Amino acid sequence: MAKSKSVGSSLLMALAYLAVGVLFIIKKGELLNIIMIVAGALFIFQGLVDILKHKENVTGIIKIIIGVAIIVFGLLLLSVALIVLGVLLIVNALTTFVASPKKLISLLSCALSLVLGVLLIVSKGVVTNWLFIVIGVIFIVNGIVMIFGEKK
């Protein structure tokens, strides 16, 4: 039963990644504030799942702090928030890499998060249409990787 709930929460996270990816591609900058709030809420949700279900307090607290930072910075300064989001995605990818089993799916998910984080930092907050599309595609691929990773 606990495994099905864990799979359910992972499936929910994967679907959220897919939805955010589609929004990045379709709406580009129009809904970026909402996407920041959703992205922050996803990190907070992951952190709560880590703390409450998996008893991984340190990882959970880090993810909650990342989520709150994404929401706060996303609402205050969008260009700075994108750089901060990039840094936080890299930190989250490294934390996930250390905490998760070293399966190919986990490594691919971490690599995608790292690429997305680097893209956001390198863009220096200047997000053009092509970068929104690349970010959307990475989120979609990450969601697909998460879905197929849970089927094992």
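# A tour of the six helices

Start by selecting Val 118: its relative accessibility is 43%, so this residue counts as partly exposed. Buried here means under 20% relative accessible area, exposed means over 50%, and partly exposed is the range in between, with a 1.4 Å probe and only protein chains considered. This is a predicted model, in which local features need pLDDT of at least 70 and side-chain atom pairs count only at pLDDT 80 or more, while totals for chains, interfaces and linings use all residues. Residues are numbered from 1 along each chain as its sequence is written, and side-chain values use heavy atoms, with hydrogens and water left out.

**Stop 1: Val 118 and the overall fold**

Val 118 sits in helix H5. Add Ile 83 to the selection: the two C-alpha atoms are 8.9 Å apart in space, and the residues are 35 apart in sequence.

Now show the whole chain as a cartoon. It has 6 helices and 0 strands, and reads α-α-α-α-α-α along the sequence. Helices (H or I, at least four residues) and strands (E, at least two) are DSSP runs, numbered from the N terminus. Of the 152 residues in the chain, 41% are buried.

**Stop 2: the largest cavity**

How many cavities of 30 Å³ or more does the count give? There are 2. A cavity is a set of points, on a 1 Å grid over the protein atoms alone, where a 1.4 Å probe fits but cannot get out; its lining residues have an atom within 4 Å of a point. Grid points are joined across faces, edges and corners, and the volume is the space filled by probe spheres set on the points.

The largest cavity holds about 120 Å³ of space. To centre the view on it, select Tyr 17, Ala 39, Phe 43, Leu 89 and Phe 139, which are the closest to its centre among the 14 residues of the lining. Then colour by element. Helix H1 (2–27), H2 and helix H4 (78–99) each contribute at least two lining residues, and H2 gives the most, with 7.

Colouring the lining by class gives 13 nonpolar residues, 1 polar residue and no charged ones. In this scheme Ala, Val, Leu, Ile, Met, Phe, Trp, Tyr, Cys and Pro are nonpolar, Asp, Glu, Lys and Arg are charged, and the others, Gly among them, are polar.

**Stop 3: the second largest cavity**

The second largest cavity has a volume of about 30 Å³. Select its lining: Tyr 17, Leu 89, Leu 112, Ser 113, Leu 116, Ile 138, Phe 139 and Asn 142. Helix H5 (104–122) and helix H6 (129–149) are the elements that give two or more residues to this lining. By class, the lining divides into 6 nonpolar, 2 polar and no charged residues.

**Stop 4: Val 137**

Stay on helix H6 and select Val 137. At 40% relative accessibility this residue counts as partly exposed. Next, add Ile 25: 112 residues separate the pair along the chain, and their C-alpha atoms are 7.5 Å apart.

**Stop 5: the salt bridge**

Which residue forms a salt bridge with Asp 50? Select Lys 63; the closest N and O atoms of the pair are 3.0 Å apart. Asp 50 belongs to helix H2 and Lys 63 to helix H3, so the pair ties together parts that are 13 residues apart in sequence. A salt bridge is a side-chain nitrogen of Lys or Arg within 4 Å of a carboxyl oxygen of Asp or Glu, and by this rule the count is 1.

Are the partners buried or exposed? Asp 50 is buried at 8% relative accessibility, and Lys 63 is buried at 9%.

**Stop 6: along helix H3**

Ile 61 is also in helix H3. This residue counts as partly exposed, at 45% relative accessibility. Add Phe 43, which is 18 residues away along the chain, with 10.0 Å between the C-alpha atoms.

Switch to a surface view and select Val 68, Val 72 and Leu 76, which make a nonpolar surface patch of about 270 Å². Patches are made of residues with over 30% relative accessible area and no salt bridge; like charges are joined within 9 Å, and nonpolar side chains (Val, Leu, Ile, Met, Phe, Trp, Tyr) within 5 Å. Areas come from the Shrake-Rupley method with a 1.4 Å probe, and for residues only the protein chains shown count as cover. Leu 76 lies in helix H3 and counts as exposed, at 63% relative accessibility.

**Stop 7: Lys 55**

Finish in the loop between helix H2 (32–52) and helix H3 (57–76), where Lys 55 lies. Lys 55 is not a glycine, yet has a positive phi of about 55°. Its relative accessible area is 62%, so Lys 55 is exposed.

Definitions and conventions: On a 1 Å grid over the protein atoms alone, a cavity is a set of points where a 1.4 Å probe fits but cannot get out, and a pocket is an open set with protein on both sides within 12 Å along at least five of seven lines; lining residues have an atom within 4 Å of a point.
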